[in-house]
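Notebook open, coffee on. I want to go through the cores, the strands and the pockets of this one and jot down what turns up.

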Amino acid sequence: MAQELDTSALQRVIDNYKDLPSNLIPVLQEIQDEIGYLPPEAQTFVSRQLGVPLSTIYGVITFYSQFSTSPKGKYVIHVCDGTACHVRGSNPIIEAIEKILGVTEENRTTDDLLFTLERVSCVGACGLAPVVVINKKVYGEVDVDRMSEILEGIRCGEELGDDQ
Ligand code: FES
């Protein structure tokens with residue numbers, strides 16, 4: 001059964017921007033920060049509150065890759081696939097993560113909502129390539145074995161705390 005959306009957090013964001021409907025992107029960003037993603041119910045809520053057509057909201061969400069319409073895992077794994085990381089082996093790392101977590105190109109989040117895998121462009125740490133960022137923690141010079149250890153460490157609570 002679908003869970004009903006608690007709109008109180010969304011309403012607080014809207015109240016901050018109510019007279020500024022042109023600030024659609026910050027509104028969407030704040031709401032995504034609050035609830036983790038932008039489900040259809042949240043899009044409809046924003047549309048009604050700001051008087052912005054739903055089609056405009058959908059267009060913004062699909063244009064900017066920072067927005068997500070599906071829930072993400074507790075740990076978001078960003079594998080850098082910029083040039084430096086790519087030539088130093090980002091693809092085998094991505095393939096290893098996909099295999100370990102059972103995620104695919106179409107479904108990037110594990111069923112238990114623990115992990116989401118995302119391929120990103122340069123994160124600005126090319127000297128450490130290949131680089132993986134999980135939530136806010138940066139891992140440099142990662143290889144397939146190290147990646148496997150990191151994921152195992154997260155699963156058993158030895159890697160990254162709740163604040164990461
Ligand atoms: S290309 Fe990966 S950090 Fe720059």
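By contact I mean heavy atoms within 4.5 Å. I keep in mind that this is a predicted model.

**Entry 1, Met-147.** With that cut-off I looked up what Met-147 touches, leaving out residues up to four places away in sequence. The list reads Ile-77, Ile-93, Ile-97, Val-132, Ile-134 and Val-142.

**Entry 2, the cores.** Next I asked which residues have the most contacts inside the largest nonpolar core. They are Met-147 again, plus Ile-77, Val-79, Ile-97, Val-132 and Ile-134, in a core of 19 residues. Two or more residues each come from β1, α6 (90-101), β2 (115-120), β3 (132-134) and α7 (144-155). I also found a second, separate core, with 18 residues, Leu-10, Ile-14, Ala-42 and Ile-61 among them. As a reminder to myself, nonpolar side chains in soluble globular proteins tend to be buried together.

**Entry 3, β1.** I checked how covered this strand is, and 5 of its 6 residues are buried. Then I looked up its partners. β1 runs parallel with β2 over 6 bridges, and it pairs with β3 in the antiparallel sense over 3 bridges. Ile-77 is a handy marker for both: opposite it stand Leu-117 in β2 and Ile-134 in β3.

**Entry 4, α3.** Which residues of helix α3 (residues 40-50) are buried? I get Ala-42, Gln-43, Phe-45, Val-46, Ser-47 and Leu-50. An α-helix has 3.6 residues a turn, so residues three or four places apart point the same way. The cover over the buried residues of α3 includes α1 (8-17), α2 and α4 (54-63). Just past the helix, Gly-51 has a positive phi of about 70°.

**Entry 5, the largest pocket.** I noted a volume of about 400 Å³. It has 18 lining residues, and the closest to the centre are Ser-68, Lys-72, Arg-108, Thr-116 and Glu-118. Sorted by class, the lining has 8 polar, 6 charged and 4 nonpolar residues.

**Entry 6, the second largest pocket.** This one comes to about 260 Å³. Its lining includes Gln-29, Gln-32, Asp-33, Lys-72, His-78 and Asn-135. What gives the most to that lining? It's α2, with 3 residues; α2 (24-35) and β1 (75-80) each supply at least two. By class I wrote down 7 polar, 2 charged and 2 nonpolar residues. Lys-72 is on my list twice, as one of the residues closest to the centre of the largest pocket and in the lining of the second largest.

Technical notes:
Residues numbered from 1 in each chain as written. Predicted model: local features only at pLDDT ≥ 70, side-chain atom pairs only at ≥ 80, totals over all residues. Heavy atoms only, no water. 1 Å grid on protein atoms, 1.4 Å probe; cavity = no way out; pocket = protein on both sides within 12 Å on 5 of 7 lines; lining within 4 Å. Points joined across faces, edges and corners; volume = space filled by probe spheres on them. Nonpolar A, V, L, I, M, F, W, Y, C, P; charged D, E, K, R; others polar. Core = buried A, V, L, I, M, F, W, Y, C linked by side-chain atoms within 4.5 Å. Buried < 20%, exposed > 50% of the residue type's maximum accessible area, 1.4 Å probe, protein only. Pairing = 2+ DSSP bridges.
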